[in-house]
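Q: Please take a close look at a single part of this model and describe how it is built, what can be said about its surroundings and where open space is found. A careful, connected account would be most useful.

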Amino acid sequence: MLAVLKRQWFIVVVALVLFSTLIFYVYEQNKDNLPARRVGGKDIVFAVGDVNVSTDEFFERLYAQFGIDAVYMFFDRAVVDAAIPDSNVFTTKAQIDAEGVRRNFQEYYGPSYESFLVDALRSLGYSTINDLERYFVYVYKRQEMFKAYVDENLDTIAPDFKQTLMPRVVSHVLVVMDDPLNPTAEEQARLDAAQAAWAEGMSFEELVRNFSDDTSNNLTNGLLGYMDVNTNFVLEFKLAALRLEAGEISDWVRSSFGYHLIRVDATDIESLSIYQEFYDAILGQDQALQARIIWNKATELNVNFYGNDELVVALKKYMGIED
Amino acid sequence: MKKLLFILSISLVLSACGNVTTTISNRNDNVFTVGNQSVNWGQIYSVMLLSDPSGVVRTMALEIILNQEVEITAEMESRADEELANFLETVGESIDMYLSYYGFKDIEDFRRNSILVQYQQEALILKYYEENIDDIISRYRPRKVRIMEVVDPETAALALSEIRAGADFQSVAELYSSPQFSGTETFVSNNTQLPFLVREFINFQTVPTLSDVIPAGTTNYLVQVIVADPYKMLDDVRENLISDNSFVEQVIEHYMRAYNFTIFDRSLFDLFIQQFPNYLGN
């Protein structure tokens with residue numbers, strides 16, 4: 001044996017090196033691993049002394065505290081997925097949004113941004129960073145489902161909503177001033193010129209093109225879009241806009257930004273429904289409406305709880321659904 | 001040689017399957033099906049694990065230790081009944097909301113797993129204190145002191161000279177000290193947040209002593225150690241330590257390690273260790 005080893009010494013050395021490397025590799029791979037434990041065919045999640053706690057026991061305690069939240073989260077997502085098929089439109093929009101969020105997190109948190117993003121996704125019931133896109137697809141599908149419900153039920157929803165929130169589409173001309181109470185000579189001259197042009201009959205659209213300092217909308221005739229009583233506009237602007245009927249134009253209104261000329265373009269449902277904010281406002285006004293839409297859709301899709309009446313009662317209570 | 005190769009191959013395979021994810025027995029049973037979408041109990045368990053259940057793990061593990069270390073006495077039962085009755089009177093009709101929010105099945109579950117557990121924990125802390133009093137005193141170095149903080153060093157020196165001339169520490173503190181340190185008699189231990197040099201001064205006194213001006217960054221301290229021998233104030237030591245959250249936490253950590261508390265699920269372990277890094281035996 002010794003003679004063979006001496007004769008094949010080089011192979012022996014190579015084998016020893018390989019063996020040691022392998023042992024080291026196996027050790028490195030395993031040193032942070034956790035042991036597994038199963039008792040009576042059940043996974044043990046943790047142990048204290050000689051007391052083993054099975055995942056089933058642990059689940060029961062977890063479920064008492066977090067269960068209904070988890071079930072609702074899956075329920076909402078499953079109903080949306082079952083009701084609205086995937087589409088390239090959702091996927092493309094989701095990819096853009098996911099990339100934007102990733103960039104924002106990276107800018108804000110630096111190189112370790114992924115762990116913060118995963119934490120944020122965890123709170124939404126997802127587990128990896130790759131789920132970000134999936135989350136946005138779900139958001140768009142959910143919006144689509146709610147929009148369809150609102151459209152189908154506008155006759156019943158809209159009258160009350162219009163009366164309460166006074167929704168409208170607005171445009172404006174804005175002459176900007178740093179301090180509207182003490183305008184500079186140049187600012188005052190610009191305002192005088194705009195007011196004179198308006199008094200002389202210049203159209204609203206021309207006035208926007210020639211005088212408006214709001215660069216975000218002076219290529220779209222001053223269109224600001226959807227607003228209602230809850231929209232976060234400066235108070236003077238909001239009050240003036242809410243006093244107008246469709247087609248009416250305000251007097252010059254002073255706000256902290258300068259002087260506005262406000263036009264209400266539309267208050268009819270057809271014009272309002274172009275804007276996602278319109279649907280958001282309807283859903284935001286009645287907090288229980290979203291839950292009702294989910295529940296009604298689930299019922300329409302023949303949801304099956306496999307005889308678990310206790311869960312049905314708990315879920316309906318959680319969602320605020322009354323029989 | 002063939003045997004060796006076989007062993008090495010098995011080792012390689014095994015090295016890739018060490019990190020455990022636990023699951024429940026009925027993981028494949030459906031919770032519900034809607035349209036073409038089904039959700040099973042395994043998914044519910046997984047998502048609850050992601051929502052950071054460390055607090056639940058801690059509670060359950062602590063309950064196991066409490067049940068082994070502290071017997072529930074008739075006195076505890078009777079106190080629990082009384083506390084429960086008062087609690088029910090206070091919350092009135094909101095009791096269901098309260099129970100559901102904190103995850104208690106019913107009133108009895110709340111009585112057993114909240115009120116009685118609290119009594120057991122208090123008893124455990126007291127038991128640990130009484131069994132380890134010498135060790136605790138040497139570790140926590142409890143003292144009774146008066147402290148004042150004076151930003152200006154010349155004013156601090158003036159305050160010191162007034163005290164040395166016989167003025168009362170607290171009266172001088174009322175004149176010169178920042179509001180944070182009023183010069184009143186205070187219990188301190190190594191758990192008390194104090195500047196390092198102040199802590200060092202207090203720790204090394206064996207008899208009542210007045211410090212010199214102790215500089216600490218941009219400010220200065222004067223310390224009068226009133227009781228330097230903890231054995232002369234055992235009631236104070238017990239009362240203060242057993243109600244000190246840091247001490248309670250350190251005692252719980254001690255029992256968790258003594259009971260070799262071990263987690264077998266990788267994701268749960270990673271979440272738990274972030275919140276309770278000193279609990280785990282593994």
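**Chain B and its surroundings**

A: Chain B has a secondary structure of 13 helices and eight strands, and everything said about it here rests on a predicted model. Its radius of gyration is 27 Å, whereas a compact globule of 282 residues would have a value near 19 Å. Taken along the principal axes, the C-alpha atoms of chain B fill a box of roughly 85 × 70 × 40 Å. Of the 282 residues in this chain, 44% count as buried, and the accessible surface comes to about 14700 Å², with carbon and sulfur atoms holding 52% of that area. Among the contacts in chain B with a separation of 6 or more, 63% are accounted for by residues 24 or more positions apart.

Within this chain, Glu63(B) is worth a closer look. Glu63(B) sits in helix α3 of chain B, which covers residues 54-69. Because its relative accessibility is 9%, and buried means under 20%, Glu63(B) counts as buried. When its neighbours within four places in sequence are left aside, Glu63(B) is in contact with Asn113(B) and Val117(B) and also with Arg61(A).

Chain B also takes part in the lining of the second largest pocket, where about 250 Å³ of space lies. The elements that give two or more residues to that lining are β2 (37-40) and α2 (41-50) of chain B, together with α3 (55-83) and α6 (131-152) of chain A. The lining consists of 16 residues, and those that lie nearest the centre of the pocket are Phe74(A), Arg77(A), Gly125(A), Arg134(A) and Gln43(B). By residue class, the lining divides into six nonpolar, six polar and four charged residues.

The partner in this lining, chain A, has 14 helices and seven strands. The radius of gyration of chain A is 32 Å, well over the 20 Å that the globule rule gives for 323 residues, so chain A is more spread out than a compact globule. Its C-alpha atoms fill a box of roughly 115 × 60 × 40 Å along the principal axes. Buried residues make up 40% of the 323 residues of chain A, which exposes about 18400 Å², with 53% of this supplied by carbon and sulfur atoms. Where contacts in chain A link residues at least 6 apart in sequence, 61% of them join residues at least 24 apart.

Key. Residues are numbered from 1 along each chain as its sequence is written. Chains are lettered from A and ligands numbered from 1 in the order in which they are written. This is a predicted model: local features need pLDDT of at least 70, side-chain atom pairs count only at pLDDT 80 or more; totals for chains, interfaces and linings use all residues. Side-chain values use heavy atoms; hydrogens and water are left out. On a 1 Å grid over the protein atoms alone, a cavity is a set of points where a 1.4 Å probe fits but cannot get out, and a pocket is an open set with protein on both sides within 12 Å along at least five of seven lines; lining residues have an atom within 4 Å of a point. Grid points are joined across faces, edges and corners, and a volume is the space filled by probe spheres set on the points. Helices (H or I, at least four residues) and strands (E, at least two) are DSSP runs, numbered from the N terminus. Ala, Val, Leu, Ile, Met, Phe, Trp, Tyr, Cys and Pro count as nonpolar, Asp, Glu, Lys and Arg as charged, and the others, Gly among them, as polar. The radius of gyration is taken over C-alpha atoms; the globule rule is 2.2 Å times the number of residues to the power 0.38. Buried means under 20% relative accessible area, exposed over 50%, partly exposed in between (1.4 Å probe, protein chains only). Contact means heavy atoms within 4.5 Å. Accessible areas come from the Shrake-Rupley method with a 1.4 Å probe; for residues, only the protein chains shown count as cover.
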